[in-house]
Amino acid sequence: MGLLTPMIGKKSIVSVVVIGFIIGIVGGIYFVSPIYDDLPQIAGSIQQIIDGDNEVVTIELSDENNLNKTLQELKNLEGFKSIKHVDFILATTPFFDERKKIIENSFNSSNNYKSWNVSTAGKISVEPKDAVISRNMISNITEWLMFTGGVETNYSVIHIDAVIKADNLNDTLTYLNSEDILVNSVDGPVQKTINKTKKEMPDRNVIIVALGILGILIGLLGSFIDGFLESLSKLRKYLLKLIRND
């Protein structure tokens, strides 16, 4: 439209602006947006090449899941490195400080637990020794809480932190999703780069509007480029004439 301005007249400048804006918007939506949305993953891929050794995948299971089976399947996955951490959380009814001390003393006197955190608000986090958790272990604790202090367990979840090679992260996540295993979080150099890129990127709508404005500028440039080229041609002829006269 801009290049056709000399033929259709300067009065069409409004049409040039409108159409330039529309073309910029359409181009932004259908061509630039898909690439823009993939930028975090592209940044993550670059980080993976530079310093993408391992990622830590935290998965969440209910106590009804077969933990040992899940652990074994994780270990059989390509790219599996190690189990970094395993714990389980009991969500209970609130209790008093006196009961908290009794619960902590109970864990302290047992050889089955590595660490624990007890909150009177109703949250008990326990890390067992040797990353061994059984349904009986959780059942025994919930029954003990109920019978000795009337503390009722609402639900329990198991957390597993698995160290996975960054190259195999997507395959691991695909497998976990296919097994309906909840991925709580992913942490590591690649994921941090992806999250940072997403945070620093401007809103996609801002980019689309900016491309619309760019379309206007290009349309206006096209409107006046013919006159500019004509002036440039006259200047060239004038300079050649001066050279010949010399």
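Q: Which residue in β4 is the bridge partner of I89?
A: Strands of a sheet pair through backbone hydrogen bonds, and such pairing can be parallel or antiparallel. In this predicted model, the bridge partner of I89 in β4 is S125. That bridge belongs to the pairing of β2 with β4, two strands that run antiparallel and are joined by four bridges.

Q: What does strand β2 pair with over eleven bridges?
A: Strand β2, which covers residues 80-92, pairs with β5 in the antiparallel sense over eleven bridges. Within this pairing, H85 has D161 in β5 as its bridge partner. Strand β5 (residues 153-165) is also paired with β1 (residues 54-62), again in the antiparallel sense, over nine bridges. There, I59 stands opposite I160 in β5.

Q: In what order do the six strands lie in the open sheet?
A: The order of strands in a sheet can be read from one edge to the other, and here the open sheet reads β3-β4-β2-β5-β1-β6, with antiparallel pairing. Strands β3 (113-119) and β6 (182-187) each have a single partner strand, so they stand at the edges with one side left without a neighbour in the sheet. On average, neighbouring strands of this sheet are turned by 20 degrees against each other, if direction is ignored.

Q: Where do helices α5 and α7 lie with respect to the strands?
A: To place a helix on a sheet, one can ask which strands the helix touches and how its direction compares with theirs. Helix α5 (residues 97-108) lies across β3 and β4 (123-128), and its direction is at about 175 degrees to that of β3. Helix α7 (residues 169-178) packs on the sheet and touches β1, β5 and β6, while its direction makes about 5 degrees with that of β1. In the chain as a whole there are nine helices and six strands.

Q: How many aromatic pairs does the structure hold, and how are their rings placed?
A: An aromatic pair is read from two values, the distance between the ring centres and the angle between the ring planes, and this structure holds two such pairs. In the first one to look at, F107 and Y113 have ring centres 5.1 Å apart and planes at 85 degrees, so the pair is edge-to-face. In the other, F107 and W116 have ring centres 5.8 Å apart, and because their planes stand at 35 degrees the pair is tilted. These ring pairs link F107, Y113 and W116 into a cluster.

Q: Which of these ring residues are buried, and which is partly exposed?
A: Here one looks at the relative accessible area, and a residue counts as buried when this value is under 20%. Both F107 and Y113 are buried, with F107 at a relative accessible area of 4%. W116, at 28% relative accessibility, counts as partly exposed. Over the chain, which has 246 residues, buried residues make up 35%.

Q: Which residues have the most contacts inside the largest nonpolar core?
A: The largest nonpolar core has 33 residues, and those with the most contacts inside it are L74, F88, F107, I124, I158 and I160. If neighbours within four places in sequence are left aside, I160 is in contact with residues including V57, I59, L67, L74, I83 and H85.

Q: What share of the contacts joins residues 24 or more positions apart?
A: Among contacts in the chain with a separation of 6 or more, 80% are accounted for by residues 24 or more positions apart.

How values were computed:
Residues are numbered from 1 along each chain as its sequence is written. This is a predicted model: local features need pLDDT of at least 70, side-chain atom pairs count only at pLDDT 80 or more; totals for chains, interfaces and linings use all residues. Side-chain values use heavy atoms; hydrogens and water are left out. Buried means under 20% relative accessible area, exposed over 50%, partly exposed in between (1.4 Å probe, protein chains only). Contact means heavy atoms within 4.5 Å. Two strands pair if DSSP finds at least two bridges between them. Axes are lines fitted to C-alpha atoms, for helices over the stretch in contact, and angles run from 0 to 180 degrees between N-to-C directions. Rings of Phe, Tyr and Trp (its six-membered ring) pair if their centres lie within 6.5 Å; planes under 30 degrees apart count as stacked, over 60 as edge-to-face and the rest as tilted. A nonpolar core is a set of buried Ala, Val, Leu, Ile, Met, Phe, Trp, Tyr and Cys residues joined through side-chain atoms within 4.5 Å.
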